[in-house]
Amino acid sequence: MILENMEICQQQPIASNVYELVLKGQELVNLASQGQFLHVKVSEGTDPLLRRPISIAKIDQDKGELTVIYRAGGRGTNMLALKQKGEVVSVLGPLGNGFSLEETSKGAIALLIGGGIGVPPLYELSLQLVKRGVKVVHVLGFAGSSDVFYEEKFMELGETYIATMDGSHGEKGTVIEIIDNKQLLFDTIYSCGPTPMLKAIETAFPDKKGFLSLEERMGCGIGACFACVCHVKDDPTKTAYKKICTDGPVFAIGEVEL
Amino acid sequence: MILENMEICQQQPIASNVYELVLKGQELVNLASQGQFLHVKVSEGTDPLLRRPISIAKIDQDKGELTVIYRAGGRGTNMLALKQKGEVVSVLGPLGNGFSLEETSKGAIALLIGGGIGVPPLYELSLQLVKRGVKVVHVLGFAGSSDVFYEEKFMELGETYIATMDGSHGEKGTVIEIIDNKQLLFDTIYSCGPTPMLKAIETAFPDKKGFLSLEERMGCGIGACFACVCHVKDDPTKTAYKKICTDGPVFAIGEVEL
Amino acid sequence: MSRLNMELPGLSMRNPIMPASGCFGFGKEYAKFYDLEKLGAIAIKAATVETRFGNPTPRVAETSSGMLNAIGLQNPGLESILANELVWLEQYEVPIIANIAGTKTEDYIEVAEKISKAKNVHAIELNISCPNVKEGGITFGTNPKIASDLTRLVKEVSSVPVYVKLSPNVTDIVEMAVAVEEAGADGLSMINTLLGMRIDIKKRRPVLANGFGGLSGPAIKPVAIRMIHQVSQAVSIPIIGMGGVSTAEDVIEFFLAGASCVAVGTANFVDPFVCPTIIEDLPRVLNELGVDHISELIGGSWK
Amino acid sequence: MSRLNMELPGLSMRNPIMPASGCFGFGKEYAKFYDLEKLGAIAIKAATVETRFGNPTPRVAETSSGMLNAIGLQNPGLESILANELVWLEQYEVPIIANIAGTKTEDYIEVAEKISKAKNVHAIELNISCPNVKEGGITFGTNPKIASDLTRLVKEVSSVPVYVKLSPNVTDIVEMAVAVEEAGADGLSMINTLLGMRIDIKKRRPVLANGFGGLSGPAIKPVAIRMIHQVSQAVSIPIIGMGGVSTAEDVIEFFLAGASCVAVGTANFVDPFVCPTIIEDLPRVLNELGVDHISELIGGSWK
Ligand SMILES: Cc1cc2nc3c(=O)[nH]c(=O)nc-3n(C[C@H](O)[C@H](O)[C@H](O)COP(=O)(O)OP(=O)(O)OC[C@H]3O[C@@H](n4cnc5c(N)ncnc54)[C@H](O)[C@@H]3O)c2cc1C
Ligand SMILES: Cc1cc2nc3c(=O)[nH]c(=O)nc-3n(C[C@H](O)[C@H](O)[C@H](O)COP(=O)(O)OP(=O)(O)OC[C@H]3O[C@@H](n4cnc5c(N)ncnc54)[C@H](O)[C@@H]3O)c2cc1C
Ligand SMILES: Cc1cc2nc3c(=O)[nH]c(=O)nc-3n(C[C@H](O)[C@H](O)[C@H](O)COP(=O)(O)O)c2cc1C
Ligand SMILES: Cc1cc2nc3c(=O)[nH]c(=O)nc-3n(C[C@H](O)[C@H](O)[C@H](O)COP(=O)(O)O)c2cc1C
Ligand code: FES
Ligand code: FES
């Protein structure tokens, strides 16, 4: 966890309002692992004031590069999208725990379920799982065809199903419906996406071992401000908590309240 | 007076913390005249919030370009200095009355007295006076040698004396001292610079016809907010006023209270 | 534009956007940029009985996402405003809200009575963020009793509805709002500026000649939204919302908080076209939100 | 660094910079970035008698040059803070200011009495911006009588000096300050956050689950400077200044307003190194201003 000025080596739109940004730095890259995130300052000044949490999508330690994929929607991400190659951004990271790889053994099948802008962290995860000899199956949900990205990249790593809400690309329906329809077999689940999707996964596969990456509005990103806490499941005191920025963003299924 | 997005065609340092910025636009250039100023937004967002008033130093209607010269000192001008060729800034202008040329007839001698960052508007003024057949004499005061700019450009137009407070360039002393020492002869005065200098000019040459360009912190720059008013000289009611942004920034010597 | 029109006491507006008092002079400067009839209304600069020069300069200072001003109510005085400014404004079909100020009750009454008779003045905005010289300089707008007494007296003489412009520099804004509503206010304007200061570290003195100034701009928007959210649930008179508005989305946020129309102040200095731009942009945002008429949004965050 | 050291009641500080309460947890996270002994002091997160989970999320929202928070005083509770957090902090030679909060007087008293006995707690910061459940939820910090009664009772039980942290959401901050000074406060902390709100225009609901939140960051600096300027002239106890500090120049501005040391809150989230960076930068600014010791600047804007 360090603070580093990273240079933009590439920035390009890869789907409707979605950008792929490659950042080059020094030490930070060497500390990074799948499922961790960066806390990015998109302006020099006080507007916008806070950093933006963005997941690491790809780590290239040889080149010293990190790739992130983000949707430009609000004030901060729109400003980030205007940045050009060569510009420098202040990055705090890598933050959070990331996806653990140990839980899926060689030869087992990992099901990676991504929803929209929750897809990016699954890419580095998939790369790492494949490296370990795990078989990966991807089910990626998007709103419509113009929102889809990285389909081919995921296909290179393993079976890949795309679900769109309007059926304009891949299959029509939710990721859960696809998993059911295709009767996909798997040992572990790894997922990142909107909370309703994560909840649906918990409900659909109560007995599976798996990991969910959560989102919450953050202040510090490092565990100091208590902005990003969530309740722990089955806690009668209701005072136990986990911080998404440091205890997460990845939690075991059933660990915390969604 | 219009609002126009102007493109930066050139930006370069020309003295210590002083930048020459060339802006290209459409209509605005054609409306501009010597001594008027621009109200420049240096950032897209709300930090810094207000526009920055900067005098027009040179007008090139053929090329559609305006040159301004500014000192990067505070938050806004420092941000402006970071802008690159090709970037666009929002400019409100041309604002204010500007220097009237009529008061000096062909063949007469105009003394142009500039102090520090008050020098720039005198350049276009000098160009215009020379064009009218007026003989121009420049006395330009700077803090030290590293602050001097445009010396040669002024020399091309007429006699030019440089005064520095530390004597590191030109003559040591104030502009008034130089005018005295050199026993400069002149018909009219045009001046822009720090208020103490303008006051000294009023005191030193009570009988000369002349014009002073003033500065004040501004809100709107167009006469609506009453941020930039000054008192009118010899006003027993003490309620008469002039707005520097619209009635000025140029006033006849003796017209307003400095 | 039947999606934007708004009927408030005294004010029949083609859209709910007006420039805020003190940020638009008497309209002449902005008339050089666009047709003032595009506006829903115009709140003109505070009028006092006498001509006032106001405070010494510097009168403005910049802050993070905001600005401080201490203009000091400079204005040409009631007679001149009636004879010149308001007559000039008659060429535009747009309701005028006359902001009135004073340092003693009698002054307010005199201005209110006379200015409310002007042909195009459709409402009075009672600026109570002024020091009451008779009460040792305590601001009219920080004491519910003083504010409601003033409201009552102004209501008695005014020929048009009276909107009381609340100061945010109070412990309990709801108490103030309820007090002036009970005293007969037809509407509220909120918020006026927050009291602030900047110090020049080289000169070791406040940047403003007056020392203190009023903080406005985007920085204060969350305070304005909070207060309107609180007050709109406690009163039944409409609220003209203001404080940092600079986009159509901001306008929606103010409506959802509980405002029935919105005034734009500081943003005029940043972009002289901000008011017409917002007005033109509002239908787009209403479409995105699936709203037919903007009035459906009033108080939508708590209803 | 004899140009920066500062002696205040209970606090012997090597420099006048401390992180603000609630913005630094109990130090563990920032200890990963730098040696906490670089700091003049540390104001730890508010302690309450019981473990508190706080408010539902979202708990923060961004605003122009500021942020809103409604953490809801989440903390592990007095016993755990004593047994774990404060003991962990003992490894650092740096005075701790224990921020204490509660919803009834008895709670404050219990926390103050016990926490003030901890070895490294050198002062208490009494956070009175909390709703008093016994008084129908009215904030302790908005009523001079309630605030001074609380101050008096806490002073009675505290083994260390007590700094009262004032809420800016009041009509008359000087009245509050004078009241708590008379009740025995050894110092003041100011300002706490301004009450604000943001509304999500798509959801038509406040962004924060709690509705309201506290506004902090550069946006509120002018309000903080104004209040410290007013209060420092009316009291003779020292002031810990805060509200939007993020640079060494900001620190100077607070000193000139009347603060004797400065706390940095929100800026820690933007730059985890902000406190040591400011501390390292201060000598440069003192040089530029021709000042030997920073204490020469206290109240310099009005002295
Ligand atoms: C651990 C983590 C990883 C993330 N990874 C990605 C990613 O890889 N790609 C991607 O596109 N998005 C990601 N997000 C969401 C991303 O942080 C938000 O989309 C982004 O902060 C919105 O900023 P804005 O400037 O567009 O919006 P604004 O509306 O300007 O944001 C205002 C404030 O709200 C916060 N905010 C708004 N939406 C969210 C959100 N959904 N989650 C958290 N904070 C929010 C912002 O950070 C900011 O503080 C991630 C979020 C978290 C918590
Ligand atoms: C009519 C006019 C013409 C000017 N022409 C020039 C020029 O040609 N070249 C040049 O270098 N400077 C010029 N100035 C001064 C220039 O406007 C200020 O130096 C500049 O605004 C400072 O901004 P900043 O971001 O550096 O400082 P900041 O400290 O960030 O400014 C804060 C606020 O104070 C205002 N301010 C600060 N100093 C001044 C000042 N001296 N005059 C007016 N406002 C100020 C800023 O505009 C801003 O609103 C002119 C000023 C006026 C009024
Ligand atoms: C320069 C300036 C002058 C103002 N003058 C007045 C005034 O005369 N009367 C008044 O009621 N409010 C006055 N205000 C307050 C505004 O009308 C408005 O309430 C406040 O600025 C908040 O809105 P904003 O953030 O959009 O500027 C003034 C504000 C500014 C910035
Ligand atoms: C996330 C957050 C949590 C805070 N928690 C506390 C707290 O527990 N006790 C307290 O007295 N103040 C608390 N504050 C207020 C700060 O200590 C400080 O007074 C305020 O934020 C202004 O300073 P700043 O603008 O530098 O942040 C908190 C502020 C923030 C942003
Ligand atoms: S964002 Fe501050 S604790 Fe998680
Ligand atoms: S700057 Fe607004 S009137 Fe001159």
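These are my notebook entries on the chain contacts, ligand sites and salt bridges I looked up in this structure.

**Entry 1: before starting**

I am working from a predicted model, so I treat each distance below as computed from that model.

**Entry 2: chain D against chain C**

I began with the contact between chains D and C. I found 44 residues of chain D taking part, with 44 residues from chain C. I then looked up the area buried between chain D and chain C, which is about 3600 Å². Carbon and sulfur atoms give 63% of that area.

Next I turned to charged pairs. I noted two salt bridges between chain D and chain C. I checked one pair by name: C:R198 forms a salt bridge with D:E253, and their closest N and O atoms are 3.1 Å apart. I also looked for polar contacts, and the rule finds 16 residue pairs across the interface of chain D and chain C, both residues being at pLDDT 80 or more.

Which elements of chain D give two or more residues to the side that touches chain C? I listed three strands, β11 (194-196), β12 (199-200) and β13 (205-206), along with the helices α6 (221-232), α7 (248-257) and α9 (274-289). I marked α6(D) in my margin, since α6(D) gives the most to this side, with seven residues. Sorted by class, the side of chain D that touches chain C has 23 nonpolar, 11 polar and 10 charged residues.

**Entry 3: how chains D and C are related**

I wanted the symmetry next. Two copies of a chain are related by a rotation about an axis and a shift along it. For this pair, I can lay chain D on chain C with an RMSD of 0.0 Å, using a turn of 180° and a shift of 0.0 Å along the axis. That is the relation of a two-fold axis.

Why do I say that the copies meet through the same surface? I compared the residues on the two sides: 100% of the interface residues of chain D are also interface residues in chain C, so the copies meet through the same surface.

**Entry 4: chain B against chain C**

I moved on to another contact of chain C. Here 31 residues of chain B are in contact with 28 residues of chain C. The area buried between chain B and chain C is about 2600 Å², and carbon and sulfur atoms give 68% of that area. On the chain B side, I noted that B:L49, B:R217 and B:F226 lose the most area to chain C, together 23% of what that side buries.

I counted two salt bridges between chain B and chain C. I looked at the one formed by B:R52 and C:E62, where the closest N and O atoms are 2.6 Å apart. For polar contacts, the rule finds eight residue pairs across the interface of chain B and chain C, with both residues at pLDDT 80 or more.

The elements giving two or more residues to the side of chain B that touches chain C are β1 (2-15), β14 (229-231) and β15 (241-243) of chain B. I noted that β14(B) gives the most, with three residues. By class, this side of chain B divides into 18 nonpolar, five polar and eight charged residues.

**Entry 5: ligand 1**

Where does ligand 1 lie? I found ligand 1 between chains A and D. Of the 20 residues around ligand 1, those that come nearest are A:R52, A:P53, A:G76, A:T77 and A:I117.

I looked up the polar distances from oxygen atoms of ligand 1. One is 2.7 Å to an N or O atom in the side chain of A:R52. Backbone atoms also appear: a polar backbone atom of A:R71 is 2.8 Å from an oxygen atom of ligand 1, and a polar backbone atom of A:G76 is 2.7 Å from an oxygen atom of ligand 1.

**Entry 6: ligand 4**

Which residues come nearest to ligand 4? Of the 21 around ligand 4, I wrote down D:S21, D:K165, D:G217, D:G244 and D:T266.

I then checked distances to oxygen atoms of ligand 4. A polar side-chain atom of D:K165 lies 2.7 Å from one. From the backbone, an N or O atom of D:G217 lies 2.8 Å from an oxygen atom of ligand 4, and a polar atom of D:G265 is 2.9 Å from an oxygen atom of ligand 4.

**Entry 7: salt bridges overall**

To finish, I searched the whole structure and found 51 salt bridges over all chains. I picked out one in chain B, where the side chains of B:K135 and B:E159 meet at 3.6 Å, N to O. B:K135 lies in strand β9 (residues 135-142) of chain B and B:E159 in strand β10 (residues 159-164) of chain B, so this pair ties together parts that are 24 residues apart in sequence.

Terms used
Residues are numbered from 1 along each chain as its sequence is written. Chains are lettered from A and ligands numbered from 1 in the order in which they are written. This is a predicted model: local features need pLDDT of at least 70, side-chain atom pairs count only at pLDDT 80 or more; totals for chains, interfaces and linings use all residues. Side-chain values use heavy atoms; hydrogens and water are left out. Contact means heavy atoms within 4.5 Å. Buried area is the accessible area (1.4 Å probe) that two parts lose on being put together, summed over both. A salt bridge is a side-chain nitrogen of Lys or Arg within 4 Å of a carboxyl oxygen of Asp or Glu. A polar contact is a pair of N or O atoms within 3.5 Å; within protein, one must be able to donate a hydrogen and the other to accept it, and residues adjacent in sequence count only if both atoms are side-chain atoms. Helices (H or I, at least four residues) and strands (E, at least two) are DSSP runs, numbered from the N terminus. Ala, Val, Leu, Ile, Met, Phe, Trp, Tyr, Cys and Pro count as nonpolar, Asp, Glu, Lys and Arg as charged, and the others, Gly among them, as polar. Copies are superposed by least squares on the C-alpha atoms of residues with pLDDT of at least 70 in both. A residue is near a molecule or strand if one of its heavy atoms lies within 4 Å of it.
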